[in-house]
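Biologist: Please take one part of this model and look at it closely. Start from a single side chain, then work outwards to the rest of the chain.

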Amino acid sequence: MKGVVIAYVVLFSAVIINSVWAWDSWESSDSSSGGAIPYISATTGCSGFLCPNNGWCISALWKCDGDNDCGDYSDEQSCPTVAPLQIEISLIGKPTSQSSTHDADRSTSDHAVDGITNGYYFSDSCTHTAFNNVGNPWWAVDMQQDECVDKVVLYNRADCCEERLEGAIVRVGSNPDYGQNPECESRVSMDQISSASPGDRIEIECNLSGQYISVELPRWDLLTLCEVKATSCSGNDKRMSEETRLLNLLKRVLEIDSE
């Protein structure tokens with residue numbers, strides 16, 4: 001609580017130092033703000049952001065913060081695009097399985113969720129299915145709860161055989177019969193493999209929910225994965241920086257009853 005109070009003080013001081021305010025005009029923001037927010041008119045010029053249509057002078061900190069502070073959205077125009085945060089779903093140590101194992105000491109299924117993206121097979125951090133069981137090989141991880149998966153990230157082998165991953169199908173769902181779960185939006189393409197550096201990440205868009213992530217090759221071949229990661233759909237809604245969040249908290253402190 002003490003840290004939040006300090007943040008309020010710092011941000012409020014920045015507003016005061018940034019401009020000379022005359023608190024002579026108070027208007028309500030849009031209904032989504034949850035109440036009335038003070039709008040400030042400048043009497044000696046505006047050193048913040050001047051709303052072009054009504055002459056209000058608002059703090060420069062309120063420019064591009066996601067709120068309609070000017071009343072006409074002029075403070076939310078020409079704003080830089082903010083990429084969505086990528087919130088990773090922790091797969092490290094989660095239960096895994098695969099259709100077969102080439103080497104019980106070197107290429108077990110858990111190597112794809114050990115947190116190590118080293119793409120060299122003999123570093124003992126990659127999976128590898130067996131040579132004598134090459135029909136439709138698969139790998140899967142149990143996230144142990146339903147998750148909304150935005151993307152699945154595959155780390156391919158770097159020392160050879162990158163092309164084996166071409167056509168790989170990624171699925172997300174809650175059916176323990178992994179092959180019955182929905183496919184993600186695309187299969188691994190040779191273009192993705194060719195454009196990536198050896199052992200680099202290959203991203204597959206999913207936007208699917210479920211408990212299991214699986215990767216399969218729909219043919220006779222060997223499947224090797226050197227790491228598998230996933231990002232959560234919820235990250236797409238968390239675009240604001242911590243500074244913007246604190247600023248919005250400050251605004252709520254400054255809210256007044258318009259009646």
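**The surroundings of R171**

Modeller: Leaving aside residues up to four places away in sequence, R171 touches Y178, G179, N181, P182, E183, C184, Y212, I213, S214 and E216. This is a predicted model. R171 sits in strand β8, which covers residues 169–173. Is R171 buried or exposed? Its relative accessible area is 12%. The cut-off for buried is under 20%, so R171 counts as buried.

One polar detail stands out for this side chain. A polar atom of the R171 side chain lies 2.7 Å from the backbone oxygen of N181. N181 is also among the residues that R171 touches.

Now the rings. Y178 and Y212 are both in the contact list of R171. They also belong to a cluster with W138, held together by ring pairs. W138 falls within β7, which spans residues 138–155, and Y212 within β9, residues 201–216. I213, S214 and E216, further contacts of R171, lie in that β9 range too.

How many aromatic pairs does the whole structure hold? The search finds three. One of them joins Y121 and F122. Two values describe any such pair: the distance between ring centres and the angle between planes. For Y121 and F122 the centres are 5.1 Å apart. The planes meet at 75 degrees, and the pair is edge-to-face. The two partners differ in cover. Y121 has 5% relative accessibility and counts as buried. F122 has 57% and counts as exposed.

Next, the sulfur links. There are seven disulfides. Three of them follow here.

C126 is joined to C226, sulfur to sulfur at 2.0 Å. The angle about the S-S bond is 100 degrees, a right-handed link. This pair links distant parts of the chain, 100 residues apart. C126 is in the loop between β6 (96–98) and β7, while C226 is in the loop between β9 and β10 (227–232). Both C126 and C226 are buried.

C46 and C57 form another disulfide, with sulfur atoms 2.0 Å apart. The S-S torsion is about 80 degrees, so this disulfide is right-handed. C46 lies in the loop between β2 (36–38) and β3 (49–50), and C57 in strand β4 (residues 57–58), so the pair ties together parts eleven residues apart in sequence. C46 is partly exposed, at 28% relative accessibility. C57 is buried, at 0%.

C51 and C70 also pair, their sulfur atoms 1.9 Å apart. This link is left-handed, with -75 degrees about the S-S bond. C51 lies in the loop between β3 and β4 and C70 in the loop between β4 and β5 (88–89), so parts 19 residues apart in sequence are tied together. Both C51 and C70 are buried.

Finally, the wider frame. The protein has three helices and ten strands. Their order along the sequence is α-β-β-β-β-β-β-β-β-α-β-β-α. Of the contacts with a separation of 6 or more, 67% come from residues 24 or more positions apart. Buried residues make up 42% of the 259 residues, and R171 is one of them. The exposed area is about 13200 Å², with carbon and sulfur atoms supplying 51% of it.

Conventions: Residues numbered from 1 in each chain as written. Predicted model: local features only at pLDDT ≥ 70, side-chain atom pairs only at ≥ 80, totals over all residues. Heavy atoms only, no water. Helix = DSSP H or I, 4+ residues; strand = E, 2+ residues; numbered from the N terminus. Buried < 20%, exposed > 50% of the residue type's maximum accessible area, 1.4 Å probe, protein only. Contact = heavy atoms within 4.5 Å. Areas by Shrake-Rupley, 256 points an atom, 1.4 Å probe, with all protein chains shown as cover. Phe/Tyr/Trp six-rings, centres within 6.5 Å; stacked < 30°, edge-to-face > 60°. Polar contact = N/O pair within 3.5 Å; in protein donor to acceptor, adjacent residues only side chain to side chain. Disulfide = S-S within 2.5 Å.
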